[in-house]
Amino acid sequence: MRRYIIALMAVVFVAYQSEAQADKELSLADIYKNGAFGQKGFGPVRWMKDNKGYSTLENNSEVGGRDIVKYDARSGKRTVIVSASQLIPDNEKKPLGISDYQWSNDDTKLLVFTNTKKVWRYHTRGDYWVLDLRTDKLKRLGASLPESTLMFAKFSPDASKVGYVSDLNIYVEDLQNNQIRQLTKDGGGNIINGTFDWVYEEELSCRDGFRWSPDGEHIAYWRSDTQGVGTFYMIDNIDSIYSKPIPMPYPKVGTTLSSVKVGVISARGGETKWFDIPGDPRNNYLARMDFIPHSDQVMVQQLNRPQNTNRVWVGDINTMALDNILTETDEAFLDIHDDIRWLDSEKYFTWSSERDGWLHLYKVSRDGKEAQPITKGDFDVVNIDNIDTKGGYVYYIASPDNFTQRYLYRSRINGKGKAERITPAGNSGQNNYQISADAKWAVQTFQNATTPPIFSLISLPSHKEIRILEDNGELRKKYGALGLNPKEFVKVNIGDDVLDAWMIKPKDFDPSKKYPLFIYVYGEPAGSTVQDNWGGGDLWHHYMARQGYVVMSIDNRGTKTPRGREWRKSIYGQIGILASKDQSKAAQEILRTYDFLDPDRVGIWGWSGGGQMTLNCMFRYPEIYKSGLAVSFVSDQRLYDATYQERYMGLLKDNPKGYHDGSPINFAQNLEGNLMVIHGTADDNVHYQSFEMLVDRLIKYNKLFSMMSYPMRTHSINERENTSYHLRETMEKFWKGNLPPGGK
């Protein structure tokens, strides 16, 4: 979320503040109950195949629903491609709600995803309808299957068929004769076809589990067998007079993983042929698989269990022969990147690697024997936005000089020359882009800590702004009227490194007084808290600053920031150990640097990994932190899922001391300050078990603390009526009672 002319934005922001004769109050009810600060998005955007315009969704005031509208990039001419009136099923009065849509390759058919339901984190199950634009006929797929059970529907290359998953089996439906053919029959129970178990979705971002071959004759797919994986039970105690157990296969640290394999089946049905990929299928991950364009070959990425070796296989779907063309290794861990693009008539492919100490893009020959860098320099490529083979450039996001910001760069595919920054200097903050295939146009999103997302159409490579698509002006005005003290981005030198941090000062701040220090922490390699982005305005922390706290957040070593391999891998084997050490050093340095902070009033809080870090800081450095609040935390790292924890900690048998010392439950006896713990009982990610085990340990050591459980709420604790508002009021009450606000 990012974009605008920042100089103008700064003027506008100051103007809004000066116009507000009296700052408006900021209330928890407005933030978490009344939706007073909701932001507008734009899209979803689809660049048209001719690269001359894009399509998006717009409300239809006559029949309801949304139209799919095309805009010409150069002229701005608006054309309704598909009206909501065309999406009204027979015998219905209302059009389909569009959760997502896709065009066939020949643009003659539209696939609409609607009536969606969550599968774990994401709405990936629902109904699919096909609109034939030549006949204007609308048809629901899987008419003989239960409603809202279809997943990942996609057209065959010639758009004559659609493949999809229903109840863990793969189907193909012929759009000419409406024949539905069930390709797999063994799905259900322990067997999963065409999609994935919980841990593959959560930790490897695997959801859509099948691929059409380029000629449309075959489907390659993943099959998972969860037999032997430990079953964790959540308990629903509030929706019936009897409790209901909710089972889920969930591999915890050191336990059995699903057995996963990749096979190929004819789109007409028949027997599946399986690739015999070497290695124990329960101690390796098949993290990625896709067809090589214009071929009968698939590329499969196989991660070993410690996730420090990635073997890339090319498999022939006719002979089922396999060739290991590339093996990437790391002394710590490897991340999976989705940056593969095929070049030069599929003779080369792009590959992301940290092999030179920074995350860069390489051009690799099809046999894996040649690898030449495309991007170069002491900086990380954050993500690839476009590879323009005709123009000879790769466009990507990077930020060599400020790790809290993001900008568009480009480099020559041939590796010659230096990286060229495309985003203008005035766009100070975070920028991302949806770029047309020919790299001539882009929808840019700009944001920073005081500017909500602004969406604009720009031309490339000049980065000329053509028109603003959505500026969130109303939200910007509301935010400006609050008269908030903006985040100040600062550096904290802890001796071992210089860390990024931000600070929000209280309203009517008086530097001659002493204020409590209120620290927000995450600290794990999955994310970063110190980013110059909008983040919903970070109104919770602005609210707490208004109550009389100096609020800060610090990114310790190992957090997900573009600071190079050494920074990110430093945390390997010592999750919870290095981070809490860095956080404690940072807190001490901050207290020495800013004499308006009260060392007797230091609090820390965090969610998920940040909850674990809060506990580690409270238990390991009780002399610094007087109060702490941990939400949805891991108390013992052995309780968390194997894929995440083993990636960053190594295998339990190889690092037992690291697992022990990184788990806050083993230091609960050191608690001295005020502690509150909060958890949802239906947390499928970090189980309520983690909460109960810590509570049991604190009781054992006679440590007094506060606790709050949210029944049948998940990791985000936002389901059911009034939950978010109640949670924040509970948190506020704890802080005001245990870390007195205000300057003294």
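This briefing covers the annotated domains, strand pairings, a helix contact and some backbone features of the structure.

The structure is a predicted model, in which local features need pLDDT of at least 70 and side-chain atom pairs count only at pLDDT 80 or more, while totals for chains, interfaces and linings use all residues. Residues are numbered from 1 along each chain as its sequence is written, and side-chain values use heavy atoms, with hydrogens and water left out. Helices (H or I, at least four residues) and strands (E, at least two) are DSSP runs, numbered from the N terminus.

**Annotated domains**

- UniProt positions are given in the numbering used here, with shortened feature names, and the annotations may be inferred rather than shown by experiment.
- An unreviewed UniProt entry lists residues 104-453 as "domain: Dipeptidylpeptidase IV N-terminal". The chain over residues 104-453 is 2% helix and 48% strand, and its end C-alpha atoms are 31 Å apart.
- The unreviewed entry also lists residues 542-738 as "domain: Peptidase S9 prolyl oligopeptidase catalytic". Residues 542-738 are 41% helix and 17% strand, with 19 Å between the end C-alpha atoms.

**Strands 6, 7 and 8**

- Two strands count as paired if DSSP finds at least two bridges between them.
- Strand 6 (residues 109-119) pairs with strand 7 in the antiparallel sense over 9 bridges. Lysine 118 is opposite histidine 123 in strand 7.
- The hairpin of strand 6 and strand 7 has 2 residues between the strands, and tryptophan 120 there takes a positive phi near 60°.
- Strand 7 also pairs with strand 8 (residues 137-140), in the antiparallel sense and over 4 bridges. The hairpin of strand 7 and strand 8 has 4 residues between the strands, and aspartate 136 takes a positive phi near 60°.
- Strand 7 (residues 122-132) is mostly covered, with 8 of its 11 residues buried. Buried means under 20% relative accessible area, exposed over 50%, and partly exposed in between (1.4 Å probe, protein chains only).

**Tryptophan 129**

- Tryptophan 129 belongs to strand 7, and its bridge partner in strand 8 is arginine 140.
- Tryptophan 129 counts as buried because its relative accessible area is 14%, under the 20% limit.
- Not counting residues up to four places away in sequence, tryptophan 129 touches several residues, including Pro89, Leu96, Leu110, Val112 and Arg140; contact means heavy atoms within 4.5 Å.
- Tyrosine 101 is 28 residues from tryptophan 129 along the chain, and their C-alpha atoms are separated by 9.5 Å.

**Two open sheets**

- One open sheet of 4 strands has the order 24-25-26-27, with antiparallel pairing. Its edge strands, each paired on one side only, are strand 24 (342-343) and strand 27 (371-373).
- Strand 25 (residues 348-353) and strand 26 (residues 360-365) pair over 6 bridges, with serine 352 opposite leucine 361.
- Another open sheet of 4 strands has the order 32-33-34-35, also with antiparallel pairing. Strand 32 (430-435) and strand 35 (464-470) are its edge strands.
- In the sheet 32-33-34-35, the twist averages 30° from one strand to the next.
- Strand 33 (residues 441-448) and strand 34 (residues 451-459) share 7 bridges; alanine 442 has isoleucine 458 as its partner in strand 34.
- Glutamine 430 lies in strand 32 and is buried, with a relative accessible area of 4%. Its C-alpha atom is separated by 8.4 Å from that of glutamine 531, 101 residues apart along the chain.

**Helix contact**

- Helix 5 (residues 539-546) and helix 12 (residues 723-738) pack at about 35°, with axes 12 Å apart. Axes are lines fitted to C-alpha atoms, for helices over the stretch in contact, and angles run from 0 to 180 degrees between N-to-C directions.
- Trp540, Tyr543 and Met544 of helix 5 meet Arg728, Met731, Glu732 and Trp735 of helix 12.

**Backbone features**

- Cis peptide bonds join glycine 43 to proline 44, with omega about 10°, and leucine 460 to proline 461, with omega about 5°.
- Proline 461 is in the loop between strand 34 and strand 35.
- Aspartate 107 is not a glycine but has a positive phi of about 60°; it is partly exposed, at 34% relative accessible area.
- Serine 632, also not a glycine, has a positive phi of about 50°. Serine 632 lies in the loop between strand 41 (627-631) and helix 9 (642-649) and is buried, at 0% relative accessibility.
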